Amino acid sequence: MSYITIRDVAQRAGISVSTVSRALNNTGRISANTKAKVERAVAELGYIPDSRAQAMRSSRTKTVGLLVPDIRNAYFAELAYTVQDSLFDAGYCAFIGTSSESAARQDSFITSILSQRIDGAIIVPQGEETDAMRMLMEQHLPLMFMDRHVESRTGDLTHVPVVDSDPEQGIREALLDVKQHGFCSVGYVSGPIIASPSLQEREQVFRTVASEIFGEEHVFVESTGFEQSSCASVLHRMISVGVKALIVGYSPDALRVMDVMAREGLVIGSDISLISFDDVEIFRLATPRISTISQQVQRIGRTSAALFLDMLEHNVDVQSQRVETMYIPRESLGNA
């Protein structure tokens, strides 16, 4: 594919390259007739200005790096869409990448976007501080963490603002509903918590609140990896100790649990009552519909974008913000 250049526009309009440049950038004295020739040539050729050249002439590229763990995950897909939409409304383009829950892939994306002369970055980080994170900080670009925070080894990242959810209210409301439905014990599947401070916090909040409501001896907690087999074994262990109400802290695990139950002929809301974090569309369409603890993903996305734009356009020091989770009861929670 050959790209149309400013020289092609100049040739079509029958004027010099420098005159075309002045007309496109509204600099210097250009007659209305000459400007009309340039605009006509641009339209006929489909010319798109080189953003890299424009960036060299200004302090802004109007591009932002946006990294999420997995675009296939409905929660992160909606989060990325919300942020991208807000940035677009403000005149910015987002370079979107996925880390696949890998710190190495995260760092590769950071290295790549830094070579593109971005204005800043919004990142759902992986685990602890990395060399690439520190390199990004050294560029003194606006940086925001979203949905998760970073375990900082050196303290360099402690001042980076974070917009995430506070799990306590949603978990407490869900557990009280479980209790009101007659259950005397409750299980929790915390997900792949080893590399996720946010999932670790979620599990700890569950342990504290569930022990308060049900008593510690009636609370059962298991973690998983990223594979289907771990969810199946966890589900079987929960059933073996008499758990009939299950809360899942990581929505992909809830989907795996639903699949295991379907294949084994177990009925949601009857054999096992199920509540999951993240109010993604598939939970609203399932039969029965799945009760959820919503992180209010759109609110997190819009808040992140708004604070980031304050940092970028107004050089404002912004503070981290937490969005309260909320419990949404549906038919997947039956009676004990």
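## Exercises on cores, strands and a hidden threonine

Let's start with a taste: leaving aside residues up to four places away in sequence, Leu87 touches Val64, Tyr92, Ala94, Ile122, Phe308 and Leu309, where contact means heavy atoms within 4.5 Å. This is a predicted model, so local features need pLDDT of at least 70 and side-chain atom pairs count only at pLDDT 80 or more, while totals for chains, interfaces and linings use all residues. Residues are numbered from 1 along each chain as its sequence is written, and side-chain values use heavy atoms, with hydrogens and water left out.

**Exercise 1.** Find which helix or strand supplies the largest share of the largest nonpolar core.

*Solution.*
- Start with the term: a nonpolar core is a set of buried Ala, Val, Leu, Ile, Met, Phe, Trp, Tyr and Cys residues joined through side-chain atoms within 4.5 Å. Buried means under 20% relative accessible area, exposed over 50%, and partly exposed in between (1.4 Å probe, protein chains only).
- The largest core has 45 residues, and Leu87 is among those with the most contacts inside it.
- Among the elements that each supply at least two residues are β1 (63-68), α5 (74-89) and α13 (297-314). Helices (H or I, at least four residues) and strands (E, at least two) are DSSP runs, numbered from the N terminus.
- The winner is α13, with seven residues.
- A second, separate core has 21 residues, including Phe214 and Ile293.

**Exercise 2.** Work out how β8 pairs with β6 and β9.

*Solution.*
- Two strands pair if DSSP finds at least two bridges between them.
- Strand β6 (residues 186-189) runs parallel to β8, joined by three bridges; here Gly187 partners Leu246.
- On to β9 (residues 273-277): four bridges join this strand to β8, again parallel, and Ile247 partners Ile275.
- From β8 the chain crosses through α11 to β9, a right-handed β-α-β crossover. Right-handed means that, with the strands pointing away from the viewer, the path from the first strand over the helix to the second runs clockwise.
- Now the side chains: Ala245 and Ile247 point one way from β8, Leu246 and Val248 the other way, and all are buried.

**Exercise 3.** Decide whether Thr325 is buried or exposed, and find a polar partner.

*Solution.*
- Look in the loop between β11 (321-324) and β12 (326-328).
- Thr325 has a relative accessible area of 0%, so this residue counts as buried.
- A polar atom of its side chain lies 2.9 Å from the backbone oxygen of Asp166.
- Not counting residues up to four places away in sequence, Thr325 also touches others, including Phe277, Ile293 and Gln295.

Terms used. A polar contact is a pair of N or O atoms within 3.5 Å; within protein, one must be able to donate a hydrogen and the other to accept it, and residues adjacent in sequence count only if both atoms are side-chain atoms.
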